[in-house]
Structure formats: structure tokens, C-alpha cells
Amino acid sequence: RRSARFQVDQERPAPPPRSTGRNLTPFLPALTHSATGMASENVKVVVRCRPLNAREQSEGAKRIVNIDTSIGQITLTRDAANEPPKAFTFDQVYDTDAKQRAIYDEVALSIVESTLEGYNGTI
């Protein structure tokens with residue numbers, strides 16, 4: 001049985017952050033707060049694909065991951081298996097040329113800033 005304290009009510013504004021010196025706020029999954037102060041659950045899945053490493057390249061490995069950043073889709077293809085490609089769609093995808101700073105600025109910065117204001121956030 002869940003306590004009412006741990007449930008998210010979409011209609012009421014979120015409580016202000018506590019200033020007790022320690023975090024007593026119950027865990028609420030991926031909450032974001034809009035300009036009106038309303039809390040809403042917002043889980044996003046972001047994927048970053050890495051390039052082949054030196055060992056994989058020296059062994060002649062082929063890249064089987066095709067990335068379409070414009071629609072947030074990754075397609076896996078296997079030449080030897082005669083299988084149709086498998087497509088997976090995410091909220092956001094980054095290709096092998098993506099820079100760490102750009103990903104941080106676009107994905108993590110707002111979450112980090114919210115946690116500094118007292119809200120829970122997970123990256």
C-alpha cells in the first residue's frame with residue numbers, strides 16, 4: 001500500500017524545496033516543473049552511439065548501427081543473417097560524431113539546474 005505522500009498529483013503545484021540541510025523529499029521519478037510551478041512526470045530516453053574502436057576496426061568489424069538523428073531512430077542491420085533491419089525510436093539520439101559538451105548542454109544541464117533548486121532528477 002502506497003502512502004499518499006509519495007503520489008504525484010498533476011493538479012496541485014509542487015511543494016517548495018525543503019531547507020532542512022538534508023534531502024527529505026520523497027523520490028518521484030523524473031519530475032520536471034513548468035513555469036506555472038506544476039509538477040509533471042517526464043521520462044525521456046536519450047541514446048548516444050559510439051564509433052568502432054581501434055580493436056574492432058583492426059579486426060574488420062562492420063558498423064551495424066545506422067543513426068537518424070532527425071527522427072530519433074536507430075536501425076540495426078546484420079548482413080550475414082538475412083534478417084530485416086530492426087528499428088528503435090527514442091526521444092533523442094546522438095551519432096558517433098556528437099561531442100560530450102553538446103550532449104550535456106542539450107540533455108543534462110536543465111536537470112542539473114533543477115536539482116540545485118531542490119527538485120529530484122536522474123540522468
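With which residue does arginine 101 form a salt bridge? In this predicted model, the partner of arginine 101 is aspartate 105, and the closest N and O atoms of the pair lie 3.2 Å apart. Both residues belong to helix 2, which spans residues 100–116, and because arginine 101 and aspartate 105 are four residues apart in that helix, they are separated by about one helical turn. The two ends of this salt bridge fall into separate accessibility classes: arginine 101 counts as exposed, at 58% relative accessibility, whereas aspartate 105, at 36%, counts as partly exposed.

The salt bridge within helix 2 belongs to a total of three salt bridges counted in the model. Another joins the side chains of arginine 50 and glutamate 56, with an N to O distance of 2.9 Å. Here the arginine is exposed, with a relative accessible area of 53%, while glutamate 56 has a relative accessible area of 14% and is therefore classed as buried, the cut-off for that class being under 20%. This salt bridge thus links an exposed arginine to a buried glutamate.

A further salt bridge is formed between glutamate 59 and arginine 55, whose closest N and O atoms are 3.3 Å apart. Glutamate 59 is exposed, its relative accessible area being 57%. Arginine 55, by contrast, has a relative accessibility of 49% and counts as partly exposed, because the exposed class requires a value over 50%.

Apart from these charged pairs, the model has a nonpolar surface patch of about 230 Å², to which Ile64, Leu76 and Phe88 contribute. Isoleucine 64 is located in the loop that runs between helix 1 (54–58) and strand 4 (65–68), and with a relative accessibility of 37% this residue counts as partly exposed. That value is compatible with membership of the patch, because patches are made of residues with over 30% relative accessible area and no salt bridge.

The surroundings of isoleucine 64 also include residues from elsewhere in the sequence. When its neighbours within four places along the chain are left aside, isoleucine 64 is in contact with Thr75, Leu76 and Thr77; of these contacts, Leu76 is also one of the residues that make the nonpolar patch. In addition, the C-alpha atom of isoleucine 64 is separated by 9.5 Å from that of proline 85, a residue 21 positions away along the chain.

Conventions
Residues are numbered from 1 along each chain as its sequence is written. This is a predicted model: local features need pLDDT of at least 70, side-chain atom pairs count only at pLDDT 80 or more; totals for chains, interfaces and linings use all residues. Side-chain values use heavy atoms; hydrogens and water are left out. A salt bridge is a side-chain nitrogen of Lys or Arg within 4 Å of a carboxyl oxygen of Asp or Glu. Buried means under 20% relative accessible area, exposed over 50%, partly exposed in between (1.4 Å probe, protein chains only). Helices (H or I, at least four residues) and strands (E, at least two) are DSSP runs, numbered from the N terminus. Patches are made of residues with over 30% relative accessible area and no salt bridge: like charges are joined within 9 Å, nonpolar side chains (Val, Leu, Ile, Met, Phe, Trp, Tyr) within 5 Å. Accessible areas come from the Shrake-Rupley method with a 1.4 Å probe; for residues, only the protein chains shown count as cover. Contact means heavy atoms within 4.5 Å.
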